[in-house]
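I opened this notebook to record what I looked up in one protein model. The entries follow the order of my reading.

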Amino acid sequence: KIRTTRAFGESTVSKILELVENSSSHKSKSENFISKFARVYTPAVCGAALALAVLPPVLRLLTGLDGDWGTWLYRALSFLVVSCPCALVISIPLSFFAGLGGASHEGILIKGSNYLETLSKTKTVVFDKTGTLTQGVFDVTGVHHNSLPREKVLEYAALAECASSHPISRSLQRAYGGHIDRDRVTDIQEFSGNGVVARVDGVTVAVGNDKLGIAWHDCHSVGTIIHLALDGQYAGHIVISDVEKPHARDAIAALKRIGVEKTVMLTGDRAKVADHVAQSLGVDEVHSELLPADKVAQVERLLGQSGGKLAFVGDGIAPVLSRADIGIAMGAMGSDAAIEAADVVLMDDDPLKIAKAIRISRKCIRIVYENIAFALIVKALCLLLVAVGAANMWAAIFGDVGVMVIAVLNAIRALRVSKL
């Protein structure tokens, strides 16, 4: 028996396929420049070829010499062959297609060549902590200052949080381990970033951090501290710890190796926990105890300070992903809204892929510039030699087809992704 939860068109797989198929519609500045360049360049060289075929013979006739129409017509046709912009018009989009394809092969979905170009200029990377640098799998590691048995504290907390899908709520329900009877819970009020207040078996239960407005006792344990109050009376706190992702530390180190100037971590967690994680991973700057709106404000502040482009990496904060120069979403854990809002999607949630994505984008842009420079220099040289009669049609064909083939072969190099 198979149970379907949504139509295929609404599934994550369908959306990802659509992103890959439509990635070519988002053109980079380089592609747009080549399109505009070709619109001006093509009529200009056609006019130059016509002038080369007509003006020299006419001038020779005016001076009493033989017009030699055949020679100048041959040079004009050779000039026209050389001037064909195929190498630029074909190899530049192909370089971006190869870059997007190479990234997709590595599980990095980039929604367009414009984002690929912006990604190559990234100098600041901002991370959301939970689910990005840490696994987002919380485990209860202690219950302290409790006036009730441990099991009863966990039961009240789990029932109060039963309507939430937040990882911390799931960890409380997992630690309780009993049946969650939602009929026992009424009047649920959720305070974003702070906690939940609900009535459980007629008792008012407040579960949340120290900003929820309940009396609390400090805890020296490192982790997320969830305080519990029953009918306004403090009943203890629960210590929940998250685990770093296996490659999180390597990801930060890899970003610094490739020239990213600043790494920043934003979290709604307590300062003690945030500082511990940031120090362990080697993050340059950390901001803690933030609500979602505070994270948007921090990104806007960093945008004003950043010399290059700023990338934000997260799994669920769509407004921040949209506000950054480049939004990078975790595809496996990320919400549908985050995947839609992001410019880049990491399919396996591995933060080490961020540095790889930047390396792919820089390699792709480097190949684009190589092709532009090579094509323009060789064509300019061949045009000059053909115009003065120092090169024949064979050289003209090389200046067109030969340069195009070399540029295309160079563009294909973007498919190969080197290891970090």
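**Entry 1: the largest pocket**

I looked up the largest pocket first and noted a space of about 1300 Å³. Of the 47 residues that line this pocket, I listed those closest to its centre: Thr130, His166, Pro167, Ile168 and Gly193. A pocket here is an open set of points on a 1 Å grid over the protein atoms alone, where a 1.4 Å probe fits, with protein on both sides within 12 Å along at least five of seven lines; lining residues have an atom within 4 Å of a point. The volume is the space filled by probe spheres set on the points, which are joined across faces, edges and corners.

I must record that this is a predicted model, in which local features need pLDDT of at least 70, side-chain atom pairs count only at pLDDT 80 or more, and totals for chains, interfaces and linings use all residues. Residues are numbered from 1 along each chain as its sequence is written, and side-chain values use heavy atoms, without hydrogens and water.

I then asked which helix gives the most to the lining of the largest pocket. It is α7, with five residues. Among the other elements that supply at least two residues each are β4 (185-191) and α10 (292-305). Helices (H or I, at least four residues) and strands (E, at least two) are DSSP runs, numbered from the N terminus. By class, I noted 15 nonpolar, 19 polar and 13 charged residues in the lining. Asp, Glu, Lys and Arg count as charged; Ala, Val, Leu, Ile, Met, Phe, Trp, Tyr, Cys and Pro as nonpolar; the others, Gly among them, as polar.

**Entry 2: strand β11**

I turned to β11 (residues 309-314) and found five of its six residues buried. Buried means under 20% relative accessible area, exposed over 50%, and partly exposed in between (1.4 Å probe, protein chains only). β11 pairs in the parallel sense with β2 (residues 122-128) over five bridges, and with β12 (residues 326-330) over four. Two strands pair if DSSP finds at least two bridges between them. I located Phe312 of β11 opposite Val126, and Ile326 of β12 as the bridge partner of Ala311.

**Entry 3: two positive phi angles**

Most residues other than glycine have a negative phi. I noted two that do not: Glu289, at about 55°, and Asp349, at about 60°. Glu289 lies in the loop between β10 and α10 and is partly exposed at 31% relative accessibility. Asp349 is in the loop between β13 and α13 and is buried at 8%.
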